[in-house]
Amino acid sequence: TVSLGLAAAEPVHIRHEASGQELSEIKTRLGVGKIFSLVLDAELQRTVIGDIYQVSGNIKLNAERTCIITLENFIETTEGVFDEYFTTSPEQATDQSENLLIDPDEYEVTLLDQDSIDIGELALQHLVLALNPYPRAPDASLAAGDEIITKTQRPFAGLGDLLAQKKAK
């Protein structure tokens, strides 16, 4: 969590590498097997508009995932990139005028109820969105999954044979 006051004069650079209990909690939250590294690089800066702050950066995860095809574990790297705007001023959050200098179709200015931002939480939210919901090992072939599908018994698979026998009679 970083206070907005720190970024009032000059940008604040944050680099954090998660470790220990923090990694354990994040592993559970993300549903991954094991985390080898989790690194956050971010910057908080005050914009020229005054009470609007920009938080941008990336979070990189190197973790053990389970392949959906082979069900074997493999190591996957995921990177979440973020660029968000925040303010503590209700007027700035709802101002749709051109003096914002922020494209309202591309960015939304989020109203904060306090004068600090939890950059770690923000980064984790973007990392969750970047995680592959169907992780597949690089060496896993899709043909392995196709074999399973072709061997599956279909409910009406024998219907064609029965109709052919009936016509033959």
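**Figure 1. Thr87 and its contact with Asp51.** Thr87 is found in strand S5, which comprises residues 73-87, in what is a predicted model. With a relative accessible area of 0%, Thr87 is buried, because residues under 20% are placed in that class. The side chain of Thr87 reaches the backbone oxygen of Asp51, the distance being 2.6 Å.

**Figure 2. Thr47 in the loop between S3 and S4.** Thr47 belongs to the loop between S3 and S4, and at 16% relative accessibility this residue counts as buried. A polar atom of the Thr47 side chain lies 2.8 Å from the backbone oxygen of Ile52. The strands on either side of this loop, S3 and S4 (residues 52-66), pair with each other in the antiparallel sense over 12 bridges; within that pairing, Gln45 has Gln54 in S4 as its bridge partner.

**Figure 3. The pairing of S2 with S3.** Strand S2 (residues 12-17) and strand S3 (residues 34-46) run antiparallel and are joined by 6 bridges. One position to follow in this view is Arg15, which stands opposite Asp41 in S3. When a strand is regular, its side chains alternate between the two faces of the sheet.

**Figure 4. Leu71 and its positive phi.** Leu71 lies in the loop between S4 and S5, and its phi is positive, at about 60°, although the residue is not a glycine. Most residues other than glycine have a negative phi. At 66% relative accessibility, Leu71 counts as exposed, since the class begins over 50%.

**Figure 5. Helix H3, its N-terminal cap and its buried residues.** Helix H3 covers residues 119-130, and for these 12 residues a rise of 1.5 Å a residue gives an expected span of 16 Å, with which the 17 Å between its end C-alpha atoms agrees. The N-terminal end of H3 is capped by Asp118, a side-chain oxygen of which lies 3.4 Å from the backbone nitrogen of Gly120. The buried residues of the helix are Ile119, Leu122, Ala123, Leu124, His126 and Leu127.

**Figure 6. Val128 and Gly31.** Val128 also lies in helix H3, but at 40% relative accessibility this residue counts as partly exposed, because the value falls between the 20% and 50% limits. Although Val128 and Gly31 are 97 residues apart in sequence, their C-alpha atoms are 10.0 Å apart in space.

**Figure 7. A nonpolar surface patch that includes Leu163.** Leu159, Leu162 and Leu163 form a nonpolar patch on the surface, and together these residues have about 290 Å² of accessible area. Leu163 lies in helix H5, which spans residues 159-168, and at 47% relative accessibility Leu163 counts as partly exposed.

**Figure 8. The protein chain from which the close-ups are taken.** The protein chain contains 5 helices and 7 strands, which follow one another along the sequence in the pattern β-β-α-β-β-β-α-β-β-α-α-α. Of its 169 residues, 34% count as buried. Among the residues shown in the views above, Thr87 is buried at 0% relative accessible area, whereas Leu71, in the loop between S4 and S5, is exposed at 66%.

How values were computed: Residues numbered from 1 in each chain as written. Predicted model: local features only at pLDDT ≥ 70, side-chain atom pairs only at ≥ 80, totals over all residues. Heavy atoms only, no water. Helix = DSSP H or I, 4+ residues; strand = E, 2+ residues; numbered from the N terminus. Expected span 1.5 Å × (residues − 1). Buried < 20%, exposed > 50% of the residue type's maximum accessible area, 1.4 Å probe, protein only. Polar contact = N/O pair within 3.5 Å; in protein donor to acceptor, adjacent residues only side chain to side chain. Patch = residues over 30% accessible without salt bridge, like charges linked within 9 Å, V, L, I, M, F, W, Y side chains within 5 Å. Areas by Shrake-Rupley, 256 points an atom, 1.4 Å probe, with all protein chains shown as cover. Salt bridge = Lys/Arg side-chain N within 4 Å of Asp/Glu carboxyl O. Pairing = 2+ DSSP bridges.
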